[in-house]
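Please follow the chain below with the sequence beside you, and look up each residue in the picture as the text comes to it. The explanation goes from one stretch of the chain to another and then turns to what is packed inside.

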Amino acid sequence: MIEKRTVCQIVEEWLEDKDYFLVEVTVSPDDKIVVEIDHAEGVWIEDCVELSRFIESKLNREEEDYELEVGSAGIGQPFKVLQQYYNHIGLEVEVLTKGGRKLSGVLKDADEEKFIVTVQKKVKPEGAKRPQLVEEDETFTYDDIKYTKYLISFK
């Protein structure tokens with residue numbers, strides 16, 4: 001069986017001096033290798049082909065047959081690595097907490113421990129007849145949530 005660590009090392013070698021980053025590598029027991037990469041400005045198919053050929057040049061099909069799939073982290077898919085949070089600061093995201101609460105807002109900040117989303121809430125000020133929309137920051141740890149993903153808007 002092909003080792004995930006081996007594939008990760010090959011991908012990291014290809015990533016040197018590039019603005020791409022590794023999102024995930026999976027290797028199934030029947031040697032299906034799936035590599036996901038991402039880039040702040042999107043992933044080009046030509047780069048996926050180049051990475052696929054690079055991986056194939058480093059693995060020996062004579063020793064072990066495998067299936068290889070190289071692609072981008074899908075749009076609308078949950079974030080898997082911190083770099084995806086950094087790339088989406090200032091953009092609208094959807095968060096689902098482990099408690100089942102789903103909310104959307106603008107990703108304000110992120111670091112290794114937590115991230116902040118600015119959400120709009122309706123609040124009725126004292127003495128007012130109607131509720132008003134106010135912005136409020138909500139802070140989450142990565143352990144608090146099931147997922148965060150980029151919210152695609154067609155407005």
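Helix H1 is followed by Asp 17, a residue whose phi is positive, near 65 degrees. In this predicted model, Asp 17 has that positive phi although it is not a glycine, and its place is in the loop between H1 and S1. Asp 17 is exposed, with a relative accessible area of 84%.

A positive phi of about 65 degrees is also found at Asp 31, which is likewise not a glycine. Asp 31 belongs to the loop between S1 and S2, but here the surroundings are of another kind, for Asp 31 is buried, with a relative accessible area of 5%.

The loop that holds Asp 17 also holds Lys 18, between H1 and strand S1 (21-27). Is Lys 18 buried, exposed or partly exposed? Its relative accessibility is 32%, and Lys 18 therefore counts as partly exposed. A polar atom of the Lys 18 side chain lies 2.8 Å from the backbone oxygen of Trp 14. Lys 18 can also be compared with a residue from another part of the chain: Ser 104 is 86 residues from it in sequence and 32 Å from it in space, C-alpha to C-alpha.

Going back to the helix itself, we can ask what span the 12 residues of H1 should have. At 1.5 Å a residue they should span 16 Å, and the end C-alpha atoms of H1 are indeed 16 Å apart, which agrees. The buried residues of H1 are Val 7, Ile 10, Val 11, Trp 14 and Leu 15. They cover an arc of only 140 degrees around the axis, and so they sit on the same side of H1. This way of reading a helix rests on a general rule: an α-helix has 3.6 residues a turn, so residues three or four places apart point the same way. On the other side of H1, Arg 5 and Gln 9 are exposed, while the buried residues of H1 are covered by elements including S1, S2 and H2.

Helix H2 (residues 45-58) can be read in the same manner. With 14 residues, H2 reaches 20 Å from its first C-alpha to its last, close to the 20 Å expected at 1.5 Å a residue. In H2 the buried residues are Asp 47, Cys 48, Leu 51, Ser 52 and Ile 55, and because they cover an arc of only 140 degrees around the axis, they lie on the same side of H2. The face turned away from that buried side carries the exposed residues Glu 46, Arg 53 and Ser 57. What the buried residues of H2 pack against is helix H1 (4-15), strand S2 (32-38) and strand S3 (67-72).

Two residues of H2 show this packing in detail. Ser 52 lies in helix H2 and counts as buried because its relative accessibility, 17%, is under the limit of 20%. Leaving aside neighbours within four places in sequence, Ser 52 is in contact with Leu 68 and Val 70. Ile 55, when residues up to four places away in sequence are not counted, touches Ile 10, Val 11, Val 35, Leu 68 and Val 70.

These contacts lead to the question of how many residues the largest nonpolar core has. That core has 20 residues, and those with the most contacts inside it are Val 7, Val 11, Ile 33, Val 35, Leu 51 and Ile 55. At least two residues of this core come from each of H1, S1, S2, H2 and S3, and H1 gives the most, with 5 residues. Apart from it lies another core, of 12 residues, among them Tyr 85, Val 93, Ala 110 and Ile 145.

Between S2 and H2 there is a loop in which His 39 is found. His 39 is buried, with a relative accessible area of 16%. The side chain of His 39 reaches the backbone nitrogen of Glu 41 at 2.9 Å, and, not counting residues up to four places away in sequence, His 39 touches Asp 19, Tyr 20, Phe 21 and Asn 87.

Finally, how many disulfides does a search of the whole structure find? The search finds 0 disulfides. Cys 8 is in none, and the nearest cysteine sulfur to its own, that of Cys 48, is 16 Å away. Cys 48 is buried, with a relative accessible area of 6%.

Definitions and conventions: Residues are numbered from 1 along each chain as its sequence is written. This is a predicted model: local features need pLDDT of at least 70, side-chain atom pairs count only at pLDDT 80 or more; totals for chains, interfaces and linings use all residues. Side-chain values use heavy atoms; hydrogens and water are left out. Helices (H or I, at least four residues) and strands (E, at least two) are DSSP runs, numbered from the N terminus. The expected span of a helix is 1.5 Å times one less than its number of residues. Buried means under 20% relative accessible area, exposed over 50%, partly exposed in between (1.4 Å probe, protein chains only). The arc is that of the directions from the helix axis to the C-beta atoms. Contact means heavy atoms within 4.5 Å. A polar contact is a pair of N or O atoms within 3.5 Å; within protein, one must be able to donate a hydrogen and the other to accept it, and residues adjacent in sequence count only if both atoms are side-chain atoms. A disulfide is a pair of cysteine sulfur atoms within 2.5 Å. A nonpolar core is a set of buried Ala, Val, Leu, Ile, Met, Phe, Trp, Tyr and Cys residues joined through side-chain atoms within 4.5 Å.
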